[in-house]
Amino acid sequence: MRKIFTETLTMAATRWEYVRMRGVAPLPFLDTGRPTMPLLRSLYLGLRVSNNIFAFPDVPQLCTVHLTGVMAGSNVTLPWAQLTRLTLYYVGINRCVSILRQTANLVRCSLTIYSSQSESLDFLGSDVALPHLEFLSLETTTQWQPVDGFLSSFVVPSLQRLELKEIFFGAEPIPALEVFVVKSRCRLQQLGIIVPEEEAHIERYRLAFPSISVFYCYGP
């Protein structure tokens, strides 16, 4: 029965354009070979626990990916270079950087970073160049892991909109943003500060960067 089910899914997958899967092992045929999905454009994948490696080598149309969970970020192999939209939710900070180094064609990117207290940061000192990126969102699920060096690792000359928690700026937000903009040589148009309520002092950003539209983004 499992074999018949797997074969049926494998044949059906050749017609899929949008796929959303969650669970331990979302679909059995993913870890039994090389699934062919020539029409797939968008993939949402959430893995709770799995030791298997899921590969998607034959997805020439894939451009949008959303991965949720530490396992999804670690156990999935994709043609990263062809993606234009990427969301990584609850994915380790070092794994995020590892993936981003392979995604030079991204236009939109949203990251919600998970880091354990024992995880050492091994990306510092090496830039992540995303020449086509226009939108970047940065959040974190933990407060104890220092992430102020994360933003400075980006080089994003096409960036127009940045949304992030203030923790990514570190102790001196204004100088940090100045360095980021100068280093990337981008013409940032919009800056959203992600806060649970109107508690961020965004007026200081407006005074320092009068040409940038600054606003609140409400989040957890």
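Visitor: Is R161 buried, partly exposed or exposed, and what is its relative accessible area?
Guide: This is a predicted model. Buried means under 20% relative accessible area, and exposed means over 50%. R161 falls in between, so it counts as partly exposed, with a relative accessible area of 24%.

Visitor: Which strand holds R161?
Guide: R161 has its place in a strand that covers residues 161-164. That strand is β11.

Visitor: Which side chains make a polar contact with the side chain of R161?
Guide: One polar contact, of 2.6 Å, links the side chain of R161 to that of E163. Another, of 3.2 Å, runs between the side chains of R161 and Q190. The partners are E163 and Q190.

Visitor: Which residues does R161 contact, leaving aside neighbours within four places in sequence?
Guide: Contact here means heavy atoms within 4.5 Å. Q190, already named for its polar contact with R161, is on the list. The full set is E134, F135, L136, L188, Q190 and F215.

Visitor: What separates the C-alpha atoms of R161 and I212?
Guide: Along the chain, R161 and I212 are 51 residues apart. In space, their C-alpha atoms are separated by 9.5 Å.

Visitor: How many bridges join β6 to β4, and how many join β6 to β7?
Guide: β6 covers residues 85-92 and runs parallel to β4, residues 64-68. On that pairing, H66 stands opposite T87. β6 also runs parallel to β7, residues 108-114. The counts are 5 bridges to β4 and 7 to β7.

Visitor: Which residue of β7 is the bridge partner of Y89, and what is the handedness of the crossover from β6 to β7?
Guide: In β7, Y89 has T112 as its bridge partner. From β6 the chain passes through helix α3, residues 93-100, to reach β7. The partner is T112, and the β-α-β crossover is right-handed.

Visitor: Why is α3 described as largely enclosed?
Guide: The buried residues of α3 are I93, N94, C96, V97, I99 and L100. They pack against α2, β6, β7, β8, α4 and β10. α3 is largely enclosed by the rest of the structure because its buried residues number 6 of 8.

Visitor: What share of the protein's residues count as buried?
Guide: The protein has 6 helices and 13 strands. It exposes about 11,100 Å², with carbon and sulfur atoms supplying 53% of that area. Of its 220 residues, the buried share is 45%.

Terms used. Residues numbered from 1 in each chain as written. Predicted model: local features only at pLDDT ≥ 70, side-chain atom pairs only at ≥ 80, totals over all residues. Heavy atoms only, no water. Helix = DSSP H or I, 4+ residues; strand = E, 2+ residues; numbered from the N terminus. Buried < 20%, exposed > 50% of the residue type's maximum accessible area, 1.4 Å probe, protein only. Areas by Shrake-Rupley, 256 points an atom, 1.4 Å probe, with all protein chains shown as cover. Pairing = 2+ DSSP bridges. Right-handed = clockwise from strand over helix to strand, strands pointing away. Polar contact = N/O pair within 3.5 Å; in protein donor to acceptor, adjacent residues only side chain to side chain.
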